Amino acid sequence: MSTPMVNAQGVHKRFGRQEVLQGITLAVQPGEVMCLLGPSGSGKSTFLRCINHLEKINAGRLFVDGELVGYRQVGEKLHELRESEVARKRAHIGMVFQHFNLFPHMTALENVACAPIRVKKVAREQARAHACELLGRVGLADKLAAYPAQLSGGQQQRVAIARALAMEPKLMLFDEPTSALDPELVGEVLQVMKQLASDGMTMIVVTHEMGFAREVADEVVFMDGGIVVECGKPAAVLANPQHERTRAFLSKVL
Amino acid sequence: MSSPEVTSGTGRPDDIVAVPVRRPGRWIAAAIILVIAAALVRSVVTNPRFEWSVVGEYLFDHRILEGLLVTIELTVISMAIGVALGVLLAVMRVSSNPLVSRASWLYIWFFRGTPVLVQLLFWYNIAALYPKLALGVPFGPALVHPDVNTLITAFRAAVLGLGLNEGAYMAEIVRAGMISVDEGQTDAAQSLGMTRVQTLRRIVLPQAMRVIIPPTGNETISMLKTTSLASVITVTELLYSSEQIFAVNYKTIQLLIVASFWYIVCTSVLYVGQHYLERYYGRGSSREANARQSLRMEALTSPYEEGGR
């Protein structure tokens, strides 16, 4: 088997005294789509933020594409990475947020072209042309000049996906991408994500959309209280959960 | 009796034309204000002691205009120092390095804690404390020895005093602006691989500007008038120029009116400047302003639109 894209081994994360992640062990293979399910406060989003080092883990090991996240191992010792090294690694991981977090002072086009220009030092014209193409791909070719405030939630989230894709990531993290959307706008965002999955992107998706998980995920992971309660093929976990906790959760959301 | 006509021929209801509510309070208030204003104008015009001809005579006096120029110079240079220092101190204040953030806190504490007039007098008399300045290797040989008394002129003392003091206030304004930007913005920028400096410069500060500009305009207007304190350390700015004239001719009130006139003119100009700055940094915030700007943007990006389809 090839190197997993994400490999977590006993990942722990504390906020003060509260242990949010209590030993997460899982692996995501390249090209795979993994959905993280679970009640709020179960640590799904925190785990996602650990993967691109927006949060520092307290114990365990976390690898992305075979490389340790946030540290360099020299012999037995771990050395913290410099900020620029962390930034360089983050550039290969796209992230989409619940509240979109588009840059409100930039147009859709500028939002998408900004990071390639500033981080990858792509020529301005080239970055803008690529941004246009990406916005076209998410169905927003006519919204290039719109500011985020002029777009619907669904459109904003699609711009956010295009913005993440502009860095040509090898892994995409979605943190409840449809939770802040009106029900009728959820579909357009999921459609874009399905397309992305079928194009072979490696994706980790924190979601409450069970339909999406069933249809698109290669593997679903049910988390609660900072641990992985159960994981497996979506058909198995969603239709025939083995644990009481999973059953209780699914009976409420399905 | 027939009911009033509601619809015209097309079936769409006509716009409502109603008799407005009477507001006698407004008429009474207007009358009172008019009477007071008339009385004020009358006294200003008829009181011969105003000597408006003297005011007119000195309004464009070369000493006044030169003083005005110094006032403007002082304001611009001091604010420039204040803003630059303010951004630096604000960034230091939120630094993860505890030494740096405490140094910034200490600076702000000290300069906000002492009156600016005292600071001006202090800088004016700095030569009493350090008669010689030595520039060179720290603890090593000095390369130049400027004489502090000639180096720190009254004007430079005023710039130092006003600018360094302003930096402390601007620091708090900039910091408030930075705090006002949602943390999700930093998350998003960092997840795209931006460094902390890039995030600050490209994402956080431009958004913070919306919050920073109005109080900064306020500070500039305040600074314009605070420069009059420099008259105490013999800087011939607008107020001191007026004082020098009325010290000779005793037309005190008239020259104070002349000075006030120019202060108001400058303040009004600043109002206009602030309006345009606010509009620029407010882009992307209100839908109405957006519509205007996107028309312009569409014209700029249209070649790509075709490529994107």
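Contact here means heavy atoms within 4.5 Å. The model shown in these close-ups is a predicted one.

**View 1. Where chain B meets chain A.** On the chain B side, 33 residues are in contact, and they touch 39 residues of chain A. Put the two chains together and about 3100 Å² gets buried between them. Carbon and sulfur atoms give 58% of that area.

**View 2. Salt bridges and polar contacts between the chains.** The rule picks out two salt bridges across the interface of chain B and chain A. One to look for joins Arg196(B) to Glu83(A), whose closest N and O atoms sit 3.7 Å apart. That pair makes the cut because a salt bridge needs a side-chain nitrogen of Lys or Arg within 4 Å of a carboxyl oxygen of Asp or Glu. There are also six residue pairs in polar contact across this interface, with both partners at pLDDT 80 or more.

**View 3. The helices chain B uses to touch chain A.** Three elements of chain B each give two or more residues to this side: helix 8 (183-191), helix 9 (196-226) and helix 12 (287-308). Helix 12 of chain B gives the most, with 11 residues. Sort the chain B side by class and you get nine nonpolar, 15 polar and nine charged residues.

**View 4. The largest pocket.** This pocket has a volume of about 590 Å³. It is lined by 18 residues, and the ones closest to its centre are Val94(B), Met178(B), Thr186(B), Arg196(B) and Leu200(B). Helix 7 (154-180), helix 8 and helix 9 of chain B each put two or more residues into the lining. Helix 9 of chain B chips in the most, with five. By class, the lining comes out as eight nonpolar, four polar and six charged residues.

**View 5. The second largest pocket.** Here the volume is about 480 Å³. Of its 16 lining residues, His53(A), Leu54(A), Arg90(A), Gln190(B) and Arg196(B) are the closest to the centre. Helix 2 (83-90) of chain A and helix 8 of chain B each supply at least two residues of the lining. The class split is three nonpolar, four polar and nine charged.

**View 6. Arg196(B), a residue to follow from view to view.** Start at the interface, where Arg196(B) forms its salt bridge with Glu83(A). Arg196(B) then turns up among the residues closest to the centre of the largest pocket. It is also listed among those closest to the centre of the second largest pocket.

Definitions and conventions:
Residues are numbered from 1 along each chain as its sequence is written. Chains are lettered from A and ligands numbered from 1 in the order in which they are written. This is a predicted model: local features need pLDDT of at least 70, side-chain atom pairs count only at pLDDT 80 or more; totals for chains, interfaces and linings use all residues. Side-chain values use heavy atoms; hydrogens and water are left out. Buried area is the accessible area (1.4 Å probe) that two parts lose on being put together, summed over both. A polar contact is a pair of N or O atoms within 3.5 Å; within protein, one must be able to donate a hydrogen and the other to accept it, and residues adjacent in sequence count only if both atoms are side-chain atoms. Helices (H or I, at least four residues) and strands (E, at least two) are DSSP runs, numbered from the N terminus. Ala, Val, Leu, Ile, Met, Phe, Trp, Tyr, Cys and Pro count as nonpolar, Asp, Glu, Lys and Arg as charged, and the others, Gly among them, as polar. On a 1 Å grid over the protein atoms alone, a cavity is a set of points where a 1.4 Å probe fits but cannot get out, and a pocket is an open set with protein on both sides within 12 Å along at least five of seven lines; lining residues have an atom within 4 Å of a point. Grid points are joined across faces, edges and corners, and a volume is the space filled by probe spheres set on the points.
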